[in-house]
Amino acid sequence: MGYPASYVDRLIRHEGSYLPMIRYALRCDRNHDFDMWFADSATYDALAQGSHVACPECGSTVVEKALMAPGLAKAQKPQQMSNTPAPRDIAKMITEYRAKVLAETTDVGRRFPEKVRDMHEGVIDQAPIRGQTTPDEAKALLDDGIAILPVPPEPPKEN
Ligand SMILES: [Zn+2]
(Lines give C-alpha, C1' and ligand atoms only; values in the text may rest on other atoms or scores of the structure.)
Protein backbone atom coordinates (compact mmCIF):
# COMPACT_ATOMS: atom_id res chain seq x y z
CA MET A 1 0.00 0.00 0.00
CA GLY A 2 0.90 3.61 -0.24
CA TYR A 3 3.45 3.84 -3.01
CA PRO A 4 2.46 5.83 -6.08
CA ALA A 5 3.16 3.55 -9.06
CA SER A 6 5.41 6.01 -10.86
CA TYR A 7 7.55 6.40 -7.77
CA VAL A 8 7.95 2.66 -7.26
CA ASP A 9 8.71 2.25 -10.93
CA ARG A 10 11.48 4.80 -10.68
CA LEU A 11 12.72 3.22 -7.47
CA ILE A 12 12.94 -0.33 -8.73
CA ARG A 13 14.49 0.68 -12.02
CA HIS A 14 17.29 2.44 -10.18
CA GLU A 15 20.21 0.05 -9.81
CA GLY A 16 22.78 1.02 -7.25
CA SER A 17 22.80 2.17 -3.68
CA TYR A 18 19.84 2.34 -1.35
CA LEU A 19 19.02 3.66 2.12
CA PRO A 20 16.31 2.83 4.63
CA MET A 21 13.79 5.66 4.79
CA ILE A 22 10.92 7.18 6.73
CA ARG A 23 7.29 7.81 5.86
CA TYR A 24 5.52 11.14 5.59
CA ALA A 25 1.78 11.58 5.47
CA LEU A 26 1.16 14.27 2.86
CA ARG A 27 -1.81 16.27 1.62
CA CYS A 28 -2.22 18.10 -1.67
CA ASP A 29 -4.02 21.41 -2.20
CA ARG A 30 -7.17 19.47 -3.16
CA ASN A 31 -7.15 17.68 0.18
CA HIS A 32 -6.05 14.26 -1.05
CA ASP A 33 -4.14 12.39 1.63
CA PHE A 34 -1.30 10.07 0.67
CA ASP A 35 1.94 8.64 2.02
CA MET A 36 5.42 8.84 0.58
CA TRP A 37 8.81 7.76 1.78
CA PHE A 38 11.86 9.95 2.16
CA ALA A 39 15.27 9.56 3.74
CA ASP A 40 14.73 12.59 5.99
CA SER A 41 13.00 15.95 6.18
CA ALA A 42 15.74 17.71 4.19
CA THR A 43 15.15 15.36 1.27
CA TYR A 44 11.44 15.91 1.48
CA ASP A 45 11.91 19.69 1.55
CA ALA A 46 14.26 19.63 -1.45
CA LEU A 47 11.94 17.41 -3.51
CA ALA A 48 8.70 19.15 -2.51
CA GLN A 49 10.09 22.62 -3.13
CA GLY A 50 11.34 21.48 -6.54
CA SER A 51 7.79 20.27 -7.35
CA HIS A 52 9.07 16.67 -7.52
CA VAL A 53 6.42 15.42 -5.08
CA ALA A 54 3.09 14.93 -6.86
CA CYS A 55 -0.27 13.82 -5.51
CA PRO A 56 -0.95 10.31 -6.89
CA GLU A 57 -4.66 11.14 -7.27
CA CYS A 58 -4.65 14.50 -9.04
CA GLY A 59 -0.99 15.14 -9.85
CA SER A 60 -0.87 18.40 -7.93
CA THR A 61 2.63 19.32 -6.80
CA VAL A 62 1.24 21.73 -4.20
CA VAL A 63 1.80 19.35 -1.33
CA GLU A 64 2.33 19.75 2.36
CA LYS A 65 2.98 17.44 5.26
CA ALA A 66 -0.23 16.22 6.85
CA LEU A 67 -0.29 15.42 10.52
CA MET A 68 0.74 11.88 11.35
CA ALA A 69 -1.76 11.46 14.19
CA PRO A 70 -4.64 13.62 15.53
CA GLY A 71 -2.89 13.88 18.91
CA LEU A 72 -0.02 15.78 17.32
CA ALA A 73 -2.22 18.40 15.72
CA LYS A 74 -2.08 20.98 18.48
CA ALA A 75 1.69 20.87 18.84
CA GLN A 76 2.45 21.38 15.15
CA LYS A 77 3.15 24.79 13.67
CA PRO A 78 2.51 25.39 9.97
CA GLN A 79 5.57 24.66 7.81
CA GLN A 80 7.50 27.62 6.49
CA MET A 81 6.68 27.57 2.81
CA SER A 82 7.62 31.15 1.95
CA ASN A 83 11.32 30.87 1.14
CA THR A 84 11.14 28.54 -1.86
CA PRO A 85 14.64 27.91 -3.21
CA ALA A 86 15.58 28.31 -6.87
CA PRO A 87 16.23 25.16 -8.99
CA ARG A 88 19.99 25.72 -8.72
CA ASP A 89 19.65 25.71 -4.93
CA ILE A 90 17.67 22.47 -5.07
CA ALA A 91 20.47 20.85 -7.08
CA LYS A 92 22.87 22.11 -4.44
CA MET A 93 20.66 20.76 -1.64
CA ILE A 94 20.55 17.35 -3.29
CA THR A 95 24.33 17.41 -3.77
CA GLU A 96 24.76 18.32 -0.12
CA TYR A 97 22.28 15.65 0.87
CA ARG A 98 24.25 13.07 -1.12
CA ALA A 99 27.47 14.13 0.66
CA LYS A 100 25.68 13.91 4.04
CA VAL A 101 24.38 10.43 3.22
CA LEU A 102 27.82 9.23 2.19
CA ALA A 103 29.39 10.76 5.31
CA GLU A 104 26.84 9.52 7.84
CA THR A 105 26.04 6.00 6.66
CA THR A 106 28.08 2.81 6.67
CA ASP A 107 28.41 1.07 3.33
CA VAL A 108 27.41 -2.57 3.82
CA GLY A 109 27.65 -3.28 0.10
CA ARG A 110 25.84 -6.35 -1.20
CA ARG A 111 24.72 -7.30 2.32
CA PHE A 112 22.27 -4.36 2.31
CA PRO A 113 19.05 -6.34 1.59
CA GLU A 114 19.87 -8.83 4.37
CA LYS A 115 20.97 -6.12 6.84
CA VAL A 116 17.96 -3.85 6.27
CA ARG A 117 15.62 -6.83 6.63
CA ASP A 118 17.30 -7.82 9.91
CA MET A 119 16.87 -4.23 11.17
CA HIS A 120 13.25 -4.19 10.10
CA GLU A 121 12.61 -7.43 11.99
CA GLY A 122 14.56 -6.29 15.06
CA VAL A 123 17.20 -9.00 14.69
CA ILE A 124 19.94 -6.35 14.75
CA ASP A 125 19.93 -2.75 15.99
CA GLN A 126 18.88 0.09 13.69
CA ALA A 127 21.85 1.91 12.20
CA PRO A 128 22.34 4.29 9.29
CA ILE A 129 23.49 2.10 6.40
CA ARG A 130 23.65 2.17 2.64
CA GLY A 131 24.43 -0.56 0.17
CA GLN A 132 23.60 -2.21 -3.11
CA THR A 133 20.53 -4.10 -4.26
CA THR A 134 19.34 -5.41 -7.57
CA PRO A 135 15.98 -4.06 -8.81
CA ASP A 136 14.38 -7.40 -7.84
CA GLU A 137 15.78 -7.21 -4.32
CA ALA A 138 14.59 -3.60 -3.98
CA LYS A 139 11.11 -4.61 -5.13
CA ALA A 140 11.05 -7.56 -2.70
CA LEU A 141 11.93 -5.21 0.20
CA LEU A 142 9.19 -2.76 -0.83
CA ASP A 143 6.69 -5.60 -1.19
CA ASP A 144 7.50 -6.62 2.39
CA GLY A 145 6.81 -3.08 3.62
CA ILE A 146 10.48 -2.22 4.07
CA ALA A 147 11.01 1.26 2.70
CA ILE A 148 14.26 2.10 0.99
CA LEU A 149 15.43 5.05 -1.06
CA PRO A 150 17.93 5.44 -3.87
CA VAL A 151 20.99 7.42 -2.84
CA PRO A 152 20.91 10.56 -4.98
CA PRO A 153 23.14 10.12 -8.03
CA GLU A 154 26.27 12.17 -8.46
CA PRO A 155 25.28 15.38 -10.23
CA PRO A 156 26.57 15.93 -13.76
CA LYS A 157 29.81 17.89 -13.87
CA GLU A 158 29.47 21.44 -15.11
CA ASN A 159 31.69 22.27 -18.07
ZN1 LIG B 1 -4.56 15.57 -5.02
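Here are four short exercises, each with a worked solution, on a predicted model of a protein chain.

**Exercise 1. Find out how many helices and strands the protein chain has, and in what order they run.**

Solution. Start by counting: the protein chain holds five helices and seven strands. Next, walk along from the N terminus, and the elements read α-β-β-β-α-β-α-β-α-β-α-β. Finally, ask how the chain folds back on itself. Of the contacts with a separation of 6 or more, 62% join residues 24 or more positions apart.

**Exercise 2. Decide which parts of the model deserve caution, using pLDDT.**

Solution. Begin with the whole chain: the average pLDDT is 73, and 67% of the residues score at least 70. Then go element by element. Helix H1 (residues 5–13) has the lowest mean pLDDT, 47, while H4 has the highest, 89. Now look at the weak stretches. Residues 5–15 have a pLDDT below 50, and this stretch makes twelve contacts in the model beyond near neighbours in sequence. Residues 69–82 also fall below 50, with five such contacts.

**Exercise 3. Work out which residues of helix H4 are buried, and how they are arranged around its axis.**

Solution. First, list the buried residues in H4 (residues 112–120): they include Phe112, Pro113 and Val116. Second, check their directions. They lie on the same side of H4, because they cover an arc of only 95° around the axis. A general rule helps here: an α-helix has 3.6 residues a turn, so residues three or four places apart point the same way. Last, see what comes after the helix: H4 is followed by Gly122, which has a positive phi, near 75°.

**Exercise 4. Describe the largest nonpolar core, then decide whether Ala147 is buried or exposed.**

Solution. Take the core first. The largest one has 18 residues, and Met36, Phe38, Val63 and Ile148 have the most contacts inside it. At least two residues of this core come from each of strand S2 (22–28), strand S3 (33–38), H4, H5 and S7. This fits a general tendency: in soluble globular proteins, nonpolar side chains tend to be buried together. For scale, buried residues make up 20% of the 159 residues in the protein chain.

Now turn to Ala147, which sits in the loop between helix H5 (135–143) and strand S7 (148–150). The cut-off for a buried residue is 20 or more other C-beta atoms within 10 Å. Ala147 has 22, so Ala147 is buried. One more step shows a partner far away in sequence: the C-alpha atoms of Ala147 and Arg23 are separated by 8.2 Å, although these residues are 124 apart along the chain.

Methods:
Residues numbered from 1 in each chain as written. Predicted model: local features only at pLDDT ≥ 70, side-chain atom pairs only at ≥ 80, totals over all residues. Helix = DSSP H or I, 4+ residues; strand = E, 2+ residues; numbered from the N terminus. Buried ≥ 20, exposed ≤ 12 C-beta atoms within 10 Å, placed from the backbone. Arc of directions from axis to C-beta. Core = buried A, V, L, I, M, F, W, Y, C linked by C-beta atoms within 7 Å. Contact = placed C-beta atoms within 7 Å. pLDDT = per-residue confidence, 0-100.
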